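Open the model in your viewer and show the whole chain. This tour moves from the charges to the overall form, and then to one pair of strands.

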Amino acid sequence: MATHLSNEKYKTIFKQLTKAYYDGTFDETVRELLQFSEFDKMETMKLISVLCGVDVNIDDENFIPNLKKAITNYKVKENVVNKIFQCNDCEKSHHEKTKCQSVCPFDAIVEEPLKKDMFIDNHLCIHCGMCVEVCDSGAIRDKIEFLPLLDLLQNNTKVIAIVAPAIAGQFGDSVTLDQLRAAFIKAGFFDMMEVAFAADMLTIKEAVEFDHHVKAKGDLLITSCCCPMWVSMLKKVYHDLVQHVSPSVSPMIAMGKILKQLNPDVKVVFIGPCVAKKAEAKDKDLVGIIDFVLTFEEIGTIFEILNIIPQELTGVPSLEYASRGGRLYATTGGVSTAVSEAVEELFPDKIHLMKTVQANGVPACKELLNKVQRGEVTASFMEGMGCVGGCVGGPKTIISTDAGRKAVTQVAMDSSIKVSTNSDIMMEVLKRIGIESLEDFKHPEKIEILERNF
């Protein structure tokens, strides 16, 4: 009979390991897990490695010393989604595919012909985590990088949590961003900041690009903001459309680059709703910008371990610095709305050319891109997100997509800054990173911090 690992069991073991690392009883806890686990010992060692966020040589005799060394001397590894157990008893659909194969956007889950077991082809896998969500046996899991991060926090390293806009409402209807800031500080972080602020910068950048690239009906600009699944689709499958893609980094990457340029000693941790961000942070051209990625689910578990209840905390207030548009990036159509508003303000004579189209969910994204290739789309600005509903529908959210959309929209509409170009703090920070004027956004050497090469 194949091994089965429920989500609750997975969380329980993660809690045990994390609490033990806090309490100084890590060695004893790992020994107990290895001795009394219901799973095969080799499988248990692999599971513990994944839960600790590290790759370890599965050496029975030296496993614990190797594990602790890997945590302390954390090194970035590309593989995020891992196959832990054999799962050859999965039922296949009438299309002769298992659940994980059916949801994989790039057919990266392949059957090993002799063992009749599934394995992940890392050359095809984009580590989106969709297979993790549908795996009934719990055999496929994503790494949790908290213990290497905890090692930094315990050594008083200056670590800043940067949170995705989709965080609104995830930890309770009444929990404010100020209370979440207090919660992260209580957990040992130096501070918490909104990634929506970097989204605001990219809104201005893409508005300038729209003005430059879209001259007449039929011209097209494809946003590359936010979603690594969308970007991967364009890079791996729809190569001919890359010429239309904005060379922007994602808001997560932009925020990390800005913080590290202003303070090179800081460590940056992204908190968001999806697994794909873990893989994006490990892209070869982006390594070192974001030090760790944790999901809302993982942070919720960590708050639980530390007995941190955000709604019971007195918030740590900050100046309003993120706009309505930047906060709306978490929902389908949010990027289009933000860029459209910026175009209307900065280039009013071009707004008549702004015709947006969006797709959300992998099948819809593929369908839209296929239509573009066939010349069936007349839009001038295109936005895609791999999750239905946008980031609020990410696989590692805590609340429903509808509840997340409602919470994000409410926080966005309550913003005192409506359009990113109206923020004094934005203009001040742009000057500090060498962007002095709107004209500077037209010069690649000035906006290098906000770009990557596709």
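Start by selecting the charged side chains: there are 50 positive and 63 negative ones, and the centres of these two sets lie 1 Å apart. Keep in mind throughout that this is a predicted model.

Next, clear the selection and look at the chain as a whole. Its C-alpha atoms fill a box of roughly 70 × 55 × 40 Å along the principal axes. The radius of gyration is 22 Å, which agrees with the value near 22 Å for a compact globule because the chain has 454 residues.

Now switch to a surface view. About 19700 Å² of the chain is exposed, and carbon and sulfur atoms supply 50% of that area. Of the 454 residues, 56% count as buried.

Go back to a cartoon and colour by secondary structure. The chain has 18 helices and eleven strands. If you display contacts between residues with a separation of 6 or more, 75% of them join residues 24 or more positions apart.

Then select residues 267-272, which form strand β8, together with β9; the two strands pair in the parallel sense over four bridges. Strand β9 covers residues 292-295.

Which residue stands opposite Leu294 of β9? Select Ile271 to find the partner of Leu294.

Finally, show the side chains of β9. Phe292 and Leu294 point one way from the strand, while Val293 and Thr295 point the other way. Are these four buried or exposed? Phe292, Val293, Leu294 and Thr295 are all buried.

Technical notes:
Residues numbered from 1 in each chain as written. Predicted model: local features only at pLDDT ≥ 70, side-chain atom pairs only at ≥ 80, totals over all residues. Heavy atoms only, no water. Rg over C-alpha atoms; globule rule 2.2 N^0.38 Å. Buried < 20%, exposed > 50% of the residue type's maximum accessible area, 1.4 Å probe, protein only. Contact = heavy atoms within 4.5 Å. Areas by Shrake-Rupley, 256 points an atom, 1.4 Å probe, with all protein chains shown as cover. Lys, Arg positive; Asp, Glu negative; His and termini not counted. Charge placed at Lys NZ, Arg CZ, Asp CG, Glu CD. Pairing = 2+ DSSP bridges.
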